Amino acid sequence: MKNALFVSSVCFFLIFSCTPEKQEFGREISTDANQILIGKALFEKHCSTCHNFNEDAIGPNLSGLTRQIETEWIKEFIKNPAKAIESKDQRALELLAKFKSQMPGFPDLTEQDLDAILSYLHTFETLPLEIVGDTTSNLIPEKIQDSGIRLRLEFFAQLPASDGVSPLAKMTKMEAIPGTQRLMINDQRIGLYELVDQNPVLYLSVVNARPDMVSKPGWATGVGSFAFHPEFQTNGLFYTAHTEPGGTQKSDFGFTDSLSVFMQWVVTEWKAENPAATVFKGTDREILRIDNASQAHGMQELTFNPNSKKGDPDFGLLYIGYGDGGTAEKRFAAISNHKGAGIYSSILRIDPAGKDGVNGKYGIPKINPFAGIPGKAGEIIAYGFRNPNRVFWDAKGNLHATDIGQHSIEEINRIEEGKFYGWPVREGTFTINPFGSFRTLYPLPADDKKFGITYPLVQLEHDETVAIIGGYTIPDGPLKGKFVFGDIPSGRLFFADLSESSQPTVQTWGITYQGKEMSLKELCGCDRVDLKFGLDHAGQVYIMSKADGKVYKIKHN
């Protein structure tokens with residue numbers, strides 16, 4: 001019996017819920033990106049009417065198929081399902097009984113076509129695990145305690161309003177030019193300011209220099225970050241990351257053409273004619289352009305290792321934090337879960353002075369863990385992050401990153417080079433199914449160690465914070481040696497000693513302003529604080545609020 005829908009589609013009647021074989025399947029399946037794209041086109045032409053990767057439809061859910069069924073069996077069944085049924089193949093008979101119809105054969109598909117289809121199917125995994133709970137559950141039963149510590153804030157600076165409604169100024173970073181007292185701060189809508197005697201002086205208008213730049217919609221667009229080269233005083237070099245509409249120019253890194261490009265993140269190198277000048281004048285060049293599938297989870301961090309000295313292996317190397325670009329939420333989990341073969345959901349390290357990158361405009365440091373390995377992205381130093389919005393070092397020189405979670409868990413990770421940090425199949429120390437509900441978490445499987453996942457140094461549930469942002473280590477006072485961080489929307493403040501080897505204790509702290517204890521929401525007069533932190537040349541830490549565009553100095557003592 002044939003159904004008209006079946007005639008126009010390759011209905012792979014394969015039971016994904018059957019007991020998985022103990023053998024590891026899919027080992028011979030190619031993960032070549034071009035082959036996957038070909039397979040996806042074939043799947044959408046022949047198969048998508050009857051199959052998806054979330055649930056049974058006219059045919060079965062195909063997620064995880066290549067990890068449970070022998071490759072040759074799948075190919076033979078696609079070409080001639082009637083033969084399998086006639087030979088009383090047990091699996092074919094079970095499929096016929098469950099779906100009540102026999103699919104037609106597709107003998108015209110070549111061996112190359114079948115290999116490509118299997119490569120595409122192999123990018124989808126199934127996690128049939130017992131549900132622990134959702135975001136309303138006590139996934140982390142221990143609640144964060146208040147330390148009782150209150151530090152005084154002192155008004156420091158006001159950025160000019162770049163919009164008439166909140167957020168009035170969209171600063172994300174404030175740091176000193178290395179080796180100087182010059183304090184630089186960005187507004188995502190504008191560019192870079194220097195705070196001269198606490199007053200903002202426009203140093204570089206990126207929006208004028210890059211007329212294709214966009215800072216809408218949303219919070220994660222515009223000039224996302226900046227970093228001054230450690231030898232800026234002599235070489236005049238610094239770097240910015242900004243967004244442009246999708247398709248503005250040819251990208252250096254992208255993804256399947258079936259997923260639309262919403263915007264592009266661009267890294268620009270600027271060279272000042274006079275590094276001491278208060279207004280930028282000089283030359284610039286684009287060094288990297290990356291496609292992004294949404295407004296979110298893009299390039300939130302550019303930085304140099306502040307502890308690195310000339311002659312050290314990573315001196316002058318640019319670190320970049322890049323998220324998944326929203327691809328996991330669009331059900332393209334393989335773009336993040338790339339095993340080091342792609343650049344999304346990663347912390348990257350490039351040499352701006354090199355030439356052996358994909359476009360010849362930057363270099364791949366030989367110290368990077370995947371440098372020179374075929375099939376790997378040499379730019380990566382670690383991967384498996386949803387949104388690594390801050391990359392930073394502690395006093396001992398350990399590299400860390402804060403990572404904003406999906407619906408349940410926020411993370412601070414201690415970064416070890418070459419390691420996988422779990423996204424999109426883990427959120428904190430829980431399993432997440434990237435093809436199921438993002439609001440549902442699962443326990444770790446019994447054989448979790450074989451996946452080689454590195455778990456967070458700190459994890460917080462969403463009843464404590466919903467979007468983590470990293471700060472800096474306080475140099476003195478009651479929080480001396482403690483790393484301060486917070487919740488972006490609410491402005492709730494936390495601290496921990498990241499030098500602890502595992503599971504540092506997290507506590508909250510608060511602020512006073514003009515003699516009165518208050519929350520940051522009360523201070524900025526807005527329900528959304530949009531909290532950020534800044535640091536000057538002397539190690540003084542600052543609090544910034546996009547809501548009102550103000551900068552406050554934390555009085556440590």
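# Group meeting: pairings, charges and burial in a predicted model

Let me start in the sheet. Strand β9, residues 263-272, is joined to β10 by 10 bridges, and the two strands run antiparallel. Within that pairing, Trp265 has Ile290 of β10 standing opposite. I should say early that this is a predicted model.

The β9 and β10 strands belong to an open sheet of 4 strands, in the order β7-β8-β9-β10, with antiparallel pairing. Which strands stand at the edges? They are β7, residues 225-228, and β10, residues 282-292; each has a single partner strand, so one side of each is left without a neighbour in the sheet. Ignoring direction, neighbouring strands of this sheet are turned against each other by 20 degrees on average.

Next, the aromatics. One aromatic cluster is formed by Tyr203, Phe226, Phe228, Phe232, Phe238, Trp270 and Phe280.

How many aromatic pairs does a search of the whole structure find? The count is 26. I will take two of these, beginning with Phe43 and Tyr120. Their ring centres are 5.5 Å apart and the planes make an angle of 55 degrees, so this pair is classed as tilted. Phe43 sits in helix α2, residues 33-46, and Tyr120 in helix α6, residues 111-121, so the pair ties together parts that are 77 residues apart in sequence. Buried or exposed? Both Phe43 and Tyr120 are buried.

The other pair is Tyr319 with Trp393. Here the ring centres are 4.9 Å apart and the planes stand at 90 degrees, so the pair is edge-to-face. This pair also links distant parts of the chain: Tyr319 is in strand β12, residues 318-322, and Trp393 is in strand β15, residues 388-393, 74 residues apart. Tyr319 and Trp393 are buried as well.

Back to helix α2 for a moment, since Lys40 is found there too. At a relative accessibility of 6%, Lys40 counts as buried, because the cut-off for that class is under 20%. What is Lys40 in contact with, leaving aside its neighbours within four places in sequence? The contacts are Tyr120, Thr256, Ser258 and Phe332. Tyr120 is the residue I named a minute ago as the ring partner of Phe43.

Now the charged side chains. The structure holds 26 salt bridges, and I will go through three.

The first on my list is Asp146 with Arg150, where the closest N and O atoms are 2.8 Å apart. Asp146 is partly exposed, with a relative accessible area of 41%. Arg150 also counts as partly exposed, at 31% relative accessibility.

Next is Lys216 with Asp163, whose closest N and O atoms are 4.0 Å apart. Lys216 is in the loop between α7, residues 206-209, and β7, while Asp163 is in the loop between β2, residues 145-158, and β3, residues 174-176, so this salt bridge ties together parts that are 53 residues apart in sequence. Lys216 counts as exposed, at 59% relative accessibility. Asp163 is partly exposed, with a relative accessible area of 26%.

Then there is Arg426 with Asp448, where the closest N and O atoms are 2.7 Å apart. Arg426 lies in strand β18, residues 426-427, and Asp448 in the loop between β20, residues 440-442, and β21, residues 458-461, so the two tie together parts that are 22 residues apart in sequence. Buried or exposed? Arg426 and Asp448 are both buried.

Salt bridges can also share partners: Glu72, Lys75, Glu111 and Asp115 are joined into one network that way.

Arg426 comes up again on the aromatic side. The charged end of Arg426 sits over the ring of Phe451, 5.5 Å from the ring centre. A lysine is placed over a ring as well: Lys376 lies over the face of Phe370, at 5.6 Å from the ring centre.

One helix to finish with. Which residues of helix α3, residues 71-79, are buried? They are Thr71, Trp73, Ile74, Lys75, Phe77 and Ile78. An α-helix has 3.6 residues a turn, so residues three or four places apart point the same way. Among the elements covering the buried residues of α3 are α4, residues 81-86, α5, residues 90-99, and α6. Lys75, one of the buried residues of α3, is also a member of the salt-bridge network with Glu72, Glu111 and Asp115. That is where I will stop.

Note on methods:
Residues numbered from 1 in each chain as written. Predicted model: local features only at pLDDT ≥ 70, side-chain atom pairs only at ≥ 80, totals over all residues. Heavy atoms only, no water. Phe/Tyr/Trp six-rings, centres within 6.5 Å; stacked < 30°, edge-to-face > 60°. Buried < 20%, exposed > 50% of the residue type's maximum accessible area, 1.4 Å probe, protein only. Lys NZ or Arg CZ within 6 Å of the ring centre and 35° of its normal. Pairing = 2+ DSSP bridges. Axes fitted to C-alpha atoms, helices over the stretch in contact; angles between N-to-C directions. Contact = heavy atoms within 4.5 Å.
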